[in-house]
Amino acid sequence: MQLTVWTYEGPPHIGAMRVATAMTGLHYVLHAPQGDTYADLLFTMIERREARPPVTYTTFQARDLGTDTAELFQNAVRDAHARYEPEAMIVGASCTAELIQDDPGGLAQSLELPVPIVPLELPAYQKKENWGAAETLYRLVRAFAPAADTVKPEAGRAPSCNILGPTALGFRHRDDVREIKRLLKQMGIAVNVIAPLGARPSDLARLPAARFNVVLYPEVAGIAVRWLERAHGQPATTVVPIGVGATRAFIAEVAALAGIEPRADLEQSCGHGHLPWYSRSVDSTYLTGKRVFVFGDATHAMAAARVARDELALEVVGLGTYSREYAREVRALAEEFGVEALITDDYLDVEDRITILQPELVLGTQMERHTAKRLGIPCAVISAPVHVQDFPARYAPQMGFEGANVLFDTWVHPLMMGLEEHLLGMFREDFEFHDAAGPSHLGKGRAAAPAPEAAITEVPAADGSPHWSAEAERELRKIPFFVRPKARRNTERFAADHGVPEITVETLYEAKAHFGR
């Protein structure tokens, strides 16, 4: 175990809470000490939900450890059932309570309550949040989905599918579901069950009635989907529709599973993705070839890397994930990109990699937002963990054609706003626009103070490397910030190759001419 200030994932019982909170009629009794009730704030403060999660804590204290904590847990289960009257219950222990070894599942079953009780065994010291969510969904599906021969797809009706994976506290899950439902409706495919988000435990019994499953978030739905395929013969999608290209591939895959022909005008009827046009526009020449670093959960990180390279012509210089269960897939994609994959759950490792690579754009989590801000690098959040600003009140999906438009706005605007900041900075010392200049509408009668000189000193040289003169540093500042790091690297490389100990203005322009050939 490692002590850290920030963590990408909580313990597995947080994943179980995400599933329970997403569903209706399900209650979670968590054997946990008083301090573990902090988890409620994740949903009420960050996701801004109107109600608390459907979770009852035993909230035992230190003095309770010398008494019967098993009885304390059973009382909590009994009281939760009487108060909330759920359709079903799940029970488990937090990372702290796991050490007591009270067996929540056995204790709850011995009460013989008139509702199904699904015990969860979530090893808090070996697994993390997304695995906990996946295991919880899997246990619920196994408990409530009937045998393969009891539910059959109804003949003569439109093909139907299940949408699996969206949870509470998921990054844009609510809007992704809405976008994909709209896309499926345009294709003439009915949605049988969406789970866990919005489903009741009894709804899970209808899962086998669908022809196939749509997997939006493999980290959450993967285990349950593989079981449904084995037990009920249900195939599942493999393409996550993030980006225009992936959405088109998703449509083709869904059409094949449904046994239909996709409409030719489907993209236009779904709102038309503007990303392809934008990426071919004149403005996009400011973006082509910009160096981007990508980090997040496996689903969003891999999708973002493909969109960055294939649809925005960005150069992916780094790719990583904290989802260790999908390390093999991320490493394979990183090898395709010609970069070394970063598989870690330590935000300091990610910060070190960003510092070394010095990308011009970071696509990451809330942690990378802080790192990029400190380093002065534009950043866009693409994956959980996120903060309150990434649960917008407006419609902002990541998936489908409208999601591609959101991606373009979210990723490109930090770079474009950076261009505006550069122009403001470049003209700040102009005789007419500097801070001490009087308002121009007052005419020539009002004297303006002289423009302040930029306080630039010579930069000390690193061991064996050429140093920059103050004049060269001042000239370098005139280059837009989003190409300035590349200009600096090229100039230092040119000076080192030609044995130039000090970089002057002349050296800067000689390097520009050399690399511009």
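Helices here are DSSP runs of H or I at least four residues long, strands are E runs of at least two, and both are numbered from the N terminus. With that in hand, Glu-335 can be placed in helix 12, which covers residues 327-337. What you're looking at is a predicted model, where local features need pLDDT of at least 70, side-chain atom pairs count only at pLDDT 80 or more, and totals for chains, interfaces and linings use all residues. Residues are numbered from 1 along each chain as its sequence is written, and side-chain values use heavy atoms, with hydrogens and water left out.

**The overall picture**

- The protein has 18 helices and 14 strands.
- Of its 517 residues, 52% are buried, and buried here means under 20% relative accessible area, with exposed being over 50% and partly exposed in between (1.4 Å probe, protein chains only).
- About 24,800 Å² of the protein is exposed, and carbon and sulfur atoms account for 52% of that area; accessible areas come from the Shrake-Rupley method with a 1.4 Å probe, and for residues only the protein chains shown count as cover.
- Take the contacts (heavy atoms within 4.5 Å) between residues at least 6 apart in sequence: 70% of them join residues at least 24 apart.

**Cysteines**

- If a disulfide is a pair of cysteine sulfur atoms within 2.5 Å, the count for this model is 0.
- Cys-161 is buried, because its relative accessibility is 0%.
- Cys-379 has a relative accessible area of 19%, so this cysteine also falls in the buried class.

**The cavity**

- A cavity is a set of points, on a 1 Å grid over the protein atoms alone, where a 1.4 Å probe fits but cannot get out, and its lining residues have an atom within 4 Å of a point.
- Grid points are joined across faces, edges and corners, and the volume is the space filled by probe spheres set on the points.
- On that basis there is 1 cavity of 30 Å³ or more, and the largest cavity holds about 40 Å³ of space.
- Its lining is made up of Ile-242, His-300, Ala-304, Ile-382, Gln-398, Leu-407 and Trp-411.
- Helix 11 (298-310) and helix 15 (400-427) are the elements that each give two or more residues to this lining.
- Sorted by class, the lining has 5 nonpolar, 2 polar and no charged residues; Ala, Val, Leu, Ile, Met, Phe, Trp, Tyr, Cys and Pro count as nonpolar, Asp, Glu, Lys and Arg as charged, and the others, Gly among them, as polar.

**Backbone oddities**

- Ala-195 and Pro-196 are joined by a cis peptide bond, with omega at about 0°, and Pro-196 sits in the loop between strand 6 (190-195) and strand 7 (212-215).
- Another cis peptide bond runs from Ala-384 to Pro-385, with omega near 5°, and Pro-385 is in the loop between strand 12 (379-381) and helix 15.
- Leu-169 isn't a glycine, yet its phi is positive at about 65°.
- You'll find Leu-169 in the loop between strand 5 (160-164) and helix 6 (173-186), and it counts as buried because its relative accessibility is 13%.
- Ala-313 also has a positive phi, near 60°, without being a glycine.
- The home of Ala-313 is the loop between helix 11 and strand 9 (315-321), and with a relative accessible area of 35% it is partly exposed.

**The loop between strand 12 and helix 15**

- Ser-383 belongs to this loop and is buried, because its relative accessibility is 0%.
- Ser-383 and Gly-170 are 213 residues apart along the chain, but their C-alpha atoms are separated by 8.9 Å.
- Not counting residues up to four places away in sequence, Ser-383 touches Phe-171, Gly-296, Asp-297, His-300, Tyr-322, Gly-364 and Thr-365.
- His-387 is in this loop too, and its relative accessible area of 32% makes it partly exposed.
- Leaving out neighbours within four places in sequence, His-387 is in contact with Ile-46 and Gln-366.
- From His-387 to Met-367 the distance is 9.7 Å, C-alpha to C-alpha, and the two are 20 residues apart in sequence.

**Back to helix 12**

- Glu-335 is exposed, because its relative accessibility is 65%.
- C-alpha to C-alpha, Glu-335 and Leu-319 are 9.8 Å apart in space, and 16 residues separate their positions in sequence.

Definitions and conventions
On a 1 Å grid over the protein atoms alone, a cavity is a set of points where a 1.4 Å probe fits but cannot get out, and a pocket is an open set with protein on both sides within 12 Å along at least five of seven lines; lining residues have an atom within 4 Å of a point.
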